[in-house]
Amino acid sequence: MSAGPTRRSALRTIGYAAGSLLLAPAASAALAACTKEDPNSLAAQAGSGDRKGYLAGDGTIEQVSVDKRRAPLTVSGTTVDGGSWSTAEQGRGKVVVLNVWGSWCPPCVAETPALQRVWAAYQTAGAPVAFVGVATEESPETSLAFLRTAGVTYPSISDRASSGRPTAALAGSAPATPTTLVLDRHGRIAARVSGPVSEATLRALVDDVVAEPA
């Protein structure tokens, strides 16, 4: 079922240019500040332990039309509880919601209940939707402890526990934390939220992709 007019009004539909997603100037500035060389980088923020001065994406919402989508992403890795997850297996034929997060990241913590509620609703409805987190810049033990406390029931891959760093497979599509990607049934990026995502926005984005012809 496609998102209604009220929810759709909050979304911005844009395409690819010069081989990458277009970003509003404010988003570009915010994301650029999260590079490894910057003192406010993801690694520096995660390692500080004080959760101060955190800088993430500004919440820019992007949708990519079917004819503008790039090659499918192949994401796989070891989950925080020692299992395995891959788009080729658990995500096959489904719309995949992929959330890059860390328990050291305040916006990630804040958006977690919304992600869990949306996941639980799709699971109850039997919708062709899979959720997976990609925990970054922390140990799998730390990630698992947070997820259990927060009551999260969808799996999360640990970037540190997995060979090849799953975030590298995102090909630069998640430079901010949190970032939420919605992949279509072919594994292509159909939507992205750079920064925390609301429950209503995530439902609208996912519903649009679910409604596309298989």
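**Helix α4, the sheet and the core**

Good morning. I shall begin with helix α4, residues 106-125, which has 20 residues and reaches 30 Å from its first C-alpha to its last, close to the 28 Å expected at 1.5 Å a residue. Please bear in mind throughout that this is a predicted model.

The helix does bend: the angle is about 35° at T112, and a proline, P113, follows within four residues. Just after α4, G126 takes a positive phi of about 70°.

Which residues of α4 are buried? They are P107, C108, E111, T112, A114, L115, Q116, V118, W119 and Y122. T112, the site of the bend, is therefore one to find on your screens among the buried residues, where buried means under 20% relative accessible area. The cover over these buried positions includes three strands, β6 (95-101), β7 (129-135) and β9 (179-183), together with the helices α5 (140-150) and α6 (199-210).

Let me turn to the sheet. It is open, has 6 strands in the order β3-β10-β9-β6-β7-β8, and its pairing is mixed. Why do β3 (60-63) and β8 (156-158) each have one side without a neighbour in the sheet? Both stand at the edges with a single partner strand, so that side is left unpaired. From one strand to the next, the twist averages 15°.

For β8, the pairing with β7 is parallel and runs over 3 bridges; G133 stands opposite S156 in β8. Helix α4 packs on this sheet, where it touches β6, β7 and β9, and its direction makes about 155° with that of β7. Helix α5 also packs on the sheet, touching β6, β7 and β8, with its direction at about 115° to that of β6.

I come now to the interior. In soluble globular proteins, nonpolar side chains tend to be buried together. Here the largest nonpolar core has 30 residues, and those with the most contacts inside it are V95, V129, F131, V182, L202 and V206. At least two residues of this core come from each of β6, α4, β7, α5, β10 (189-194) and α6. A second, separate core has 15 residues, including L73, W85, L98 and L181.

To close, consider V95, one of the residues with the most contacts inside the largest core. What does V95 touch, leaving aside its neighbours within four places in sequence? Its contacts are P128, V129, A130, V182, L183, R185, V206, V209 and V210. Of these, V129, V182 and V206 are also named among the residues with the most contacts inside that core. Thank you.

Notes
Residues are numbered from 1 along each chain as its sequence is written. This is a predicted model: local features need pLDDT of at least 70, side-chain atom pairs count only at pLDDT 80 or more; totals for chains, interfaces and linings use all residues. Side-chain values use heavy atoms; hydrogens and water are left out. The expected span of a helix is 1.5 Å times one less than its number of residues. The bend at a residue is the angle between axes fitted to the seven residues ending there and the seven starting there. Buried means under 20% relative accessible area, exposed over 50%, partly exposed in between (1.4 Å probe, protein chains only). Contact means heavy atoms within 4.5 Å. A nonpolar core is a set of buried Ala, Val, Leu, Ile, Met, Phe, Trp, Tyr and Cys residues joined through side-chain atoms within 4.5 Å. Two strands pair if DSSP finds at least two bridges between them. Axes are lines fitted to C-alpha atoms, for helices over the stretch in contact, and angles run from 0 to 180 degrees between N-to-C directions.
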